[in-house]
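Please consider the following structure with two topics in mind: one helix and the cysteine links. The points below take each in turn.

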Amino acid sequence: MITPRQALPFALALFVVSIWVTVRTFSKSPQEFSLNDPADSLHDDYALEETPSRLDLSDPALVDARPQAGDDSSKTWITFPEPEALYDALIPKFNALLSQPILSHTESLKKEHKRCPLAQRQSNQDQVNGEGPWWASVSTKELEKERARIMQYVVENLGFSKSSLGSDAGGRTEGASDKGTSLSREAWKDLFGFGGQGGRGLVFTAGNQDTTARLRTTLRILRKRHKCKLPVEVWGFPSELNALGPIRREIEELGDIVFREVHTKVQPGLWKQFHLKGEAIARSAFTEVLYLDSDNIPIRDPAFIFDAPLYEQHGFVLWPDFTKDGPANPIWRITNTPCNATEWQAESGQILVNKRGQGGLNLVALLIAEAMQLRHQFWFKLSGGDKDTFRYAFYVLGIPYTRAPHWVASVGALVPPYNYHHFCGHTMLQYGLSSAEWSYLDVDADYEVPKAHAPPLFMHANLLKHSGYNNQRGSTFESIKAAFPDSTGYENARLMKDVRAKSENHRGICFDLWDADFEAGEGNLVQLEGAYDLGRVHVFDFGESWGGVLRNFEQMYYDEGGIAGGW
């Protein structure tokens with residue numbers, strides 16, 4: 001046992017290091033980390049085997065990527081998909097996957113561990129510890145059953161014949177000869193947004209008073225500050241929407257905002273009602289949707305993003321989370337997809353989709369995600385909520401989506417050490433899709449705009465409602481903690497192999513990330529795990545970084561009714 005006398009020198013050392021780091025921290029800006037030259041040499045000690053994949057995920061996140069000359073694939077995202085064409089594109093994919101045998105946990109883990117040897121360390125450890133035993137014990141028969149279930153749901157909702165799928169989990173029978181849909185022509189168009197408003201719009205989910213109050217702040221900022229004119233749909237459970245009262249009328253008075261009711265039912269006992277997001281996006285009257293969580297606040301009017309070349313590439317963009325799927329996750333077994341060591345989990349606080357994209361298969365992806373969310377008792381054990389059901393849908397289909405080009409950063413503040421962590425993050429900072437977006441912003445006159453980095457775009461305050469630290473005006477948004485270079489492309493993802501992230505229950509919930517390959521260490525408390533801005537992870541002043549584009553965000557947030565803490 002360490003006596004107080006023995007502990008005193010160590011405590012003094014902690015204090016000295018914390019002062020040193022705080023001084024280091026605020027002398028930096030993101031420009032110091034070569035954002036104009038994101039190329040970086042690979043660690044020689046990290047040899048990653050390039051594995052084949054059914055998905056084209058080698059590096060879909062290159063900034064300003066456009067279809068090659070002579071490639072007409074970009075045209076498919078604006079082509080109206082006829083039932084017969086979508087049938088021909090979809091049913092062979094489903095039946096091919098149904099015919100694939102599902103490996104045992106032991107067989108799969110042996111293969112996927114070779115492909116993703118270090119991904120387990122970058123996984124959500126709460127999820128691994130909580131669901132890991134179930135991952136190892138779930139039977140092949142149950143996985144086959146759930147795989148077939150989501151396909152049946154999609155086929156039924158598209159009005160295709162049930163016999164188009166295999167008669168059992170093996171799926172070895174041929175599809176039906178009738179490739180038409182039982183839906184009317186108008187109902188078929190409605191699937192893609194043609195029967196309603198069509199066009200482009202924003203979709204939110206909300207319902208209870210707390211969530212709706214946060215949504216009101218987001219919509220006030222969009223309408224009053226950013227002058228955003230995109231139409232808005234707000235989806236929720238009928239019982240909750242009907243009980244909103246004055247706050248609903250206040251939101252509607254902001255203009256061109258419609259409240260719509262989901263068909264799915266409230267599920268008692270759930271921490272959050274994650275399972276309605278897929279339905280809201282799939283059933284939206286818009287053809288092109290930017291979905292935002294109620295507490296996700298754009299830095300500026302996001303309407304421009306619908307014209308981004310990266311979005312046009314596949315018509316479906318997902319932004320990264322802080323963690324990865326480890327090799328033990330059954331998703332690789334179900335979808336016959338190799339574990340990809342460079343791919344981050346998705347963060348579904350923002351999703352950009354064109355339902356007609358990839359010949360209508362983007363809509364199918366939404367239906368698959370919706371089906372998974374309706375069967376949340378099973379699928380959320382793999383995805384940790386709704387967020388990765390959208391990404392998993394592309395595994396099922398074996399088609400690509402676009403990864404946003406930059407890794408997520410954390411916004412919060414430096415705080416007194418807790419479990420050897422010195423940073424409390426509560427907001428996810430997500431970036432845009434191209435460096436060309438700087439032209440939409442007013443930056444400080446002496447700021448050199450990065451040629452290879454998109455500006456900040458979304459402030460998703462997902463943990464702010466759980467924060468007991470940063471919940472007052474003047475101390476909420478103080479610091480950004482981020483890894484640089486931060487490209488989500490293949491090469492840089494290998495460089496980020498030692499970046500770790502986790503949440504701590506500390507006066508609410510605090511989030512931190514660190515470089516485990518530097519002095520911060522990993523798993524050794526004496527080396528101050530996660531405490532400071534060392535190695536590839538750095539801390540920046542929130543208001544003064546990125547050319548000052550975030551400088552007035554906190555004042556705007558609170559002036560428009562922003563809330564911190566409360567849950």
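**Note on helix α4 and the disulfides**

1. The buried residues of α4 pack against α3 (105–115), α5 (140–157), α12 (331–335) and α14 (376–383). Here, buried means under 20% relative accessible area, exposed over 50%, and partly exposed in between (1.4 Å probe, protein chains only); contact means heavy atoms within 4.5 Å. Helices (H or I, at least four residues) and strands (E, at least two) are DSSP runs, numbered from the N terminus.

2. The model is a predicted one, in which local features need pLDDT of at least 70 and side-chain atom pairs count only at pLDDT 80 or more, while totals for chains, interfaces and linings use all residues. Residues are numbered from 1 along each chain as its sequence is written, and side-chain values use heavy atoms, with hydrogens and water left out.

3. Which residues of α4 are buried? They are Gln127, Val128, Gly132, Trp134 and Trp135. The helix itself covers residues 125–137, 13 residues in total, and its first and last C-alpha atoms are 18 Å apart, close to the 18 Å expected at 1.5 Å a residue. That expected span is 1.5 Å times one less than the number of residues.

4. Two further details concern α4. At its N-terminal end, Asn124 acts as a cap, with a side-chain oxygen 3.0 Å from the backbone nitrogen of Asp126. At Glu131, shortly before the proline Pro133, there is a kink of about 55°; the bend at a residue is the angle between axes fitted to the seven residues ending there and the seven starting there.

5. How many disulfides does a search of the whole structure find? It finds 2, a disulfide being a pair of cysteine sulfur atoms within 2.5 Å. In general, such a link is a covalent bond between the sulfur atoms of two cysteines.

6. One disulfide joins Cys116 to Cys339, with an S to S distance of 2.0 Å. This pair links distant parts of the chain, 223 residues apart: Cys116 is in the loop between α3 and α4, and Cys339 is in the loop between α12 and β7 (346–354). The link is left-handed, with -120° about the S-S bond, and both Cys116 and Cys339 are buried.

7. Another disulfide joins Cys424 to Cys510, S to S 2.0 Å. Because Cys424 lies in strand β10 (residues 421–431) and Cys510 in strand β14 (residues 509–515), the pair ties together parts that are 86 residues apart in sequence. Cys424 counts as buried because its relative accessibility is 0%.

Definitions and conventions
Polar contact = N/O pair within 3.5 Å; in protein donor to acceptor, adjacent residues only side chain to side chain.
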